[in-house]
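Let's take a walk through a protein together, one piece at a time. Keep the sequence and the 3D view at hand, and look up each part as we come to it.

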Amino acid sequence: MNRPFFTARRSCLAATLTALAWVQPAPASAGVVSFDEVKREFRSSDTAVLDRNGELLQRVRTDATVRRGQWTALADVSPALRMAMVMSEDRRFYEHSGIDWRAVSAAAWGNLWNTRTRGASTITMQLSGLLDEDLRRANSGRTFTQKIGQTVAAAQLERSWRKDQILEAYLNTVPFRGEIVGIDALSRTLFGKAPNGLDAREASVAAALVRAPNAKPALVAQRACEVMRAMEPERKIDCEALDMFTSAAVQRRAFDANEGIAPHAARRALRELREAGEAAGAAVPSARQVANKDAAIRTTLRAPLQRFALGTLQRHLKELRGRHVEDGALVVLDNASGEVLAWVGSSGPLSQAAEVDAVTALRQPGSTLKPLLYAQAIAERRLTAASLIDDSSAQINTASGLYIPQNYDRQFKGPVSARTALAASLNVPAVRTLVMVSPESFARQLRAAGLPLRESGDYYGYSLALGSAEVSLLSLTNAYRMLANGGRYGPTTLSAPTPAGKKAVDPAASILDAGAAFIVGDILSDANARTRTFGLDSILSTRFWTAVKTGTSKDMRDNWAVGWSQRYTVGVWVGNASGASMWDVSGTSGAAPVWAEVMRFLHAREPSRAPRPPPGLVEARVAFGPGGDGNPLEATRSDWFLQGTEQPLFALDNSGAPVEAAAARITAPADGTIIALDPDIPPLHQRVRFESEGRGVQWRIDGKHFARGNTAQWLPWPGRHVIELVDATGKVVDQRKLEVRGAGVIAKSGTSTRR
């Protein structure tokens with residue numbers, strides 16, 4: 001025998017036993033962490049996003065450093081798993097007081113003879129190492145000092161905690177494989193089930209992974225077979241079958257990083273939470289800190305509505321796959337509060353860009369901007385719902401050349417009322433309306449309604465009437481909500497109401513005349529007015545009151561349906577995230593069927609009644625003069641007017657132009673025009689041309705009479721000026737503000753001089 005070697009082994013054994021012997025049962029220290037503290041500080045790697053009633057909508061991975069599920073009570077862990085863990089890691093768990101002295105002696109004796117034995121570390125000792133970073137095992141193993149500290153900590157835990165608490169905390173904090181920590185994450189990742197459903201075979205694999213978390217599947221299976229034999233000694237274990245099962249299990253990833261029915265809304269809610277913290281002056285938190293602030297965040301969504309909306313959109317898109325359509329989005333808003341009730345950002349597995357949130361993506365809205373345009377024109381008293389607009393070929397001069405708008409069917413209807421033009425979505429009348437309003441003025445109105453236009457109105461020009469700017473589905477739907485609320489604009493929110501009651505709502509700002517908003521809603525709810533384009537039996541018609549508008553962007557890249565009922569506003573978009581064109585998809589076959597189904601779901605047990613007219617509106621009977629065929633242009637009807645704009649007859653004069661008392665308006669220059677003078681150019685070549693519509697009008701500049709008639713030439717001079725159009729009674733019916741910059745010029749014998 002090698003005496004020096006034996007002496008060294010014996011000395012090591014003596015030192016170990018002596019060190020363990022002097023560990024006295026000290027009183028429970030105030031520094032020992034409590035079970036409740038450990039449970040309270042436990043953080044899932046996911047954040048649970050809930051609906052307004054607490055139902056789970058989505059799990060979002062917010063901690064990329066670890067994969068940890070929810071804390072699982074011991075009662076919710078299967079008996080097989082509890083037994084497997086104890087049999088594998090600490091057979092005398094319920095007998096010892098934190099230190100298994102029999103195992104220590106066996107381990108020391110094995111160490112003496114260099115024999116492999118089961119380790120002496122108990123479940124309590126392992127837990128103490130998991131709870132204290134100073135005692136945590138390194139890759140090279142624990143030092144002698146750490147082992148002594150672990151032993152002391154285990155003894156203190158046993159005096160402070162119950163056995164069931166120790167086992168519960170251990171199962172929730174022990175690492176298993178790779179990034180997986182805790183029994184909930186392991187059960188759902190490797191076995192696709194909750195911990196209470198694990199059987200003996202699955203439990204044995206779980207227990208084997210504790211001993212060798214990152215071992216090869218064959219070694220894990222071998223260890224699992226040993227655990228099963230210890231659990232069921234009377235049963236013959238098929239280790240070969242267990243090997244196959246283990247190999248499959250350790251490669252499975254059933255627990256997706258993000259799982260649920262509202263992935264885009266969940267990410268948006270987390271971002272809103274973080275931004276709210278920044279606005280409050282707090283330090284910018286990380287995603288992990290945001291998630292750890294609370295294991296779950298509550299949103300304003302309704303889970304049943306979210307499921308229905310998602311299912312409806314996916315089902316309809318499957319029907320459209322033959323028409324080259326794969327993406328879609330949907331949002332539902334509460335009119336009164338602005339709360340988001342449903343948020344479907346994509347078609348999910350049907351899409352090749354499922355991560356793109358089409359609720360917030362910028363797309364061309366097509367004709368869905370027309371209601372906002374007509375509302376502004378009516379509010380500015382440039383039009384009434386009964387005003388006649390010529391739907392005929394138009395060539396409009398612009399800085400870049402002639403703009404020639406076309407209707408969807410490339411046909412013209414002749415003179416039509418504004419009601420018909422909007423409801424039937426005629427393009428040329430919309431462009432003529434924008435000429436009255438001006439692109440820059442309309443762009444300002446759109447921004448006030450929350451639409452994020454990137455460029456000025458002059459950049460888009462008259463194509464802005466047909467939706468050439470890019471907007472998001474969320475902002476467009478909220479702009480329609482503004483119409484539903486009588487011209488009052490307010491932001492949307494995903495944050496749930498406070499526990500004490502309703503969430504405080506930001507005061508709405510009035511950005512549009514309530515009467516104009518009511519008239520546009522009345523037009524968009526008029527099934528008869530839309531028959532020229534959509535027919536009598538349209539998908540847009542509902543059995544309850546709704547107002548709706550569809551839109552299709554250039555080359556059929558986007559299709560929209562946005563509208564509101566008494567309580568809800570619903571917006572739907574379908575198309576392709578790539579921007580590819582759809583094939584043969586119209587306003588009624590694309591987004592409209594989804595819109596109609598969601599509206600029916602919302603009002604299955606809830607009525608929707610037409611809104612009451614606000615003060616300042618007049619309902620009057622109107623007739624229309626004859627057209628080219630001698631028949632009335634439109635049938636006599638009652639219509640709504642802003643007080644003072646009503647008239648009994650809308651007709652054409654001998655030239656075919658509309659004759660209206662309320663038609664006087666400035667058509668050029670645009671409001672806010674800036675004119676730069678060049679003193680080297682003759683003044684006759686720098687005159688500004690004023691143009692207007694209406695009869696018996698005259699012009700005033702800065703309050704002084706200037707000219708009569710529909711056109712006038714003005715020699716500008718530096719400064720800011722107000723141009724007014726006055727009717728025959730002396731009433732100002734329209735005005736423009738403009739600014740002249742540069743050196744002035746004075747006409748003198750055909751020449752110009754500086755002044």
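This is a predicted model, and a good place to begin is an open sheet of 4 strands, arranged in the order β5-β2-β1-β6 with mixed pairing. At the edges stand β5 (259–260) and β6 (296–298); each has a single partner strand, so one side of each is left without a neighbour in the sheet. What holds such strands side by side? Strands of a sheet pair through backbone hydrogen bonds, and they may run parallel or antiparallel. In this sheet, β1 (residues 46–50) and β2 (residues 56–61) run antiparallel and are joined by 5 bridges. To see one of these bridges, find V49, whose bridge partner in β2 is Q58.

Now step back for the whole picture. The protein has 755 residues, and buried ones make up 50% of them. Its secondary structure comes to 23 helices and 33 strands. Among contacts between residues at least 6 apart in sequence, 69% join residues at least 24 apart.

There is another open sheet to visit, this one with 5 strands in the order β8-β7-β19-β18-β17 and antiparallel pairing. Its edge strands are β8 (340–344) and β17 (547–552), and each of them pairs on one side only. On average, neighbouring strands of this sheet are turned by 5° against each other, direction ignored. Helix α14 (residues 303–319) packs on the sheet, where it touches β7 (327–334), β8 and β19. The direction of α14 makes about 35° with that of β8. Within the sheet, strands β18 (residues 558–564) and β19 (residues 568–575) run antiparallel, with 7 bridges between them. One residue to look for is D558, whose bridge partner in β19 is G575.

Next come some helices. The buried residues of helix α3 (residues 79–89) are A80, L81, A84, M85, V86, S88 and E89. As you look at their spacing, a general point helps: an α-helix has 3.6 residues a turn, so residues three or four places apart point the same way. Which helices do the buried residues of α3 pack against? They pack against α5 (123–131), α7 (163–173), α8 (183–190), α9 (200–211) and α10 (217–231).

Let's stop at α9, the helix that holds L209. Is L209 buried or exposed? With a relative accessible area of 0%, L209 falls under the 20% cut-off, and therefore counts as buried. Leaving aside neighbours within four places in sequence, L209 is in contact with F176, R177, L186, L190, V220 and V250. You can also trace from L209 to R223: they are 14 residues apart in sequence, and their C-alpha atoms are 8.5 Å apart in space.

Helix α17 (residues 427–437) is mostly covered, with 9 of its 11 residues buried. Those buried residues are N427, V428, P429, A430, V431, T433, L434, M436 and V437. After α17 comes S438, which has a positive phi, near 90°.

Now for the nonpolar cores. The largest has 78 residues, and the members that touch the most others are L372, F442, L451, L453, L464 and L483. Take L453: leaving aside its neighbours within four places in sequence, its contacts are A443, L446, R447, Y460, L464, A469 and V471. A second, separate core has 51 residues, including V32, W71, I166 and V210.

We finish with the aromatic rings, which form 16 aromatic pairs in the structure. One of these is the edge-to-face pair of Y459 and Y460, 5.4 Å centre to centre with 85° between the planes. Why are these two described differently in terms of burial? Y459 has 57% relative accessibility and so counts as exposed, whereas Y460, at 12%, is buried. F641 and F650 form a stacked pair, 6.2 Å centre to centre with 5° between the planes. Both F641 and F650 are buried. Elsewhere, ring pairs link F690, W699, F706, W714 and W717 into a cluster.

Rings can have charged company too. The charged end of R201 sits over the ring of F245, 3.9 Å from its centre. In a similar way, K163 lies over the face of F93, at 4.5 Å from the ring centre.

Notes
Residues numbered from 1 in each chain as written. Predicted model: local features only at pLDDT ≥ 70, side-chain atom pairs only at ≥ 80, totals over all residues. Heavy atoms only, no water. Phe/Tyr/Trp six-rings, centres within 6.5 Å; stacked < 30°, edge-to-face > 60°. Buried < 20%, exposed > 50% of the residue type's maximum accessible area, 1.4 Å probe, protein only. Lys NZ or Arg CZ within 6 Å of the ring centre and 35° of its normal. Core = buried A, V, L, I, M, F, W, Y, C linked by side-chain atoms within 4.5 Å. Contact = heavy atoms within 4.5 Å. Pairing = 2+ DSSP bridges. Helix = DSSP H or I, 4+ residues; strand = E, 2+ residues; numbered from the N terminus. Axes fitted to C-alpha atoms, helices over the stretch in contact; angles between N-to-C directions.
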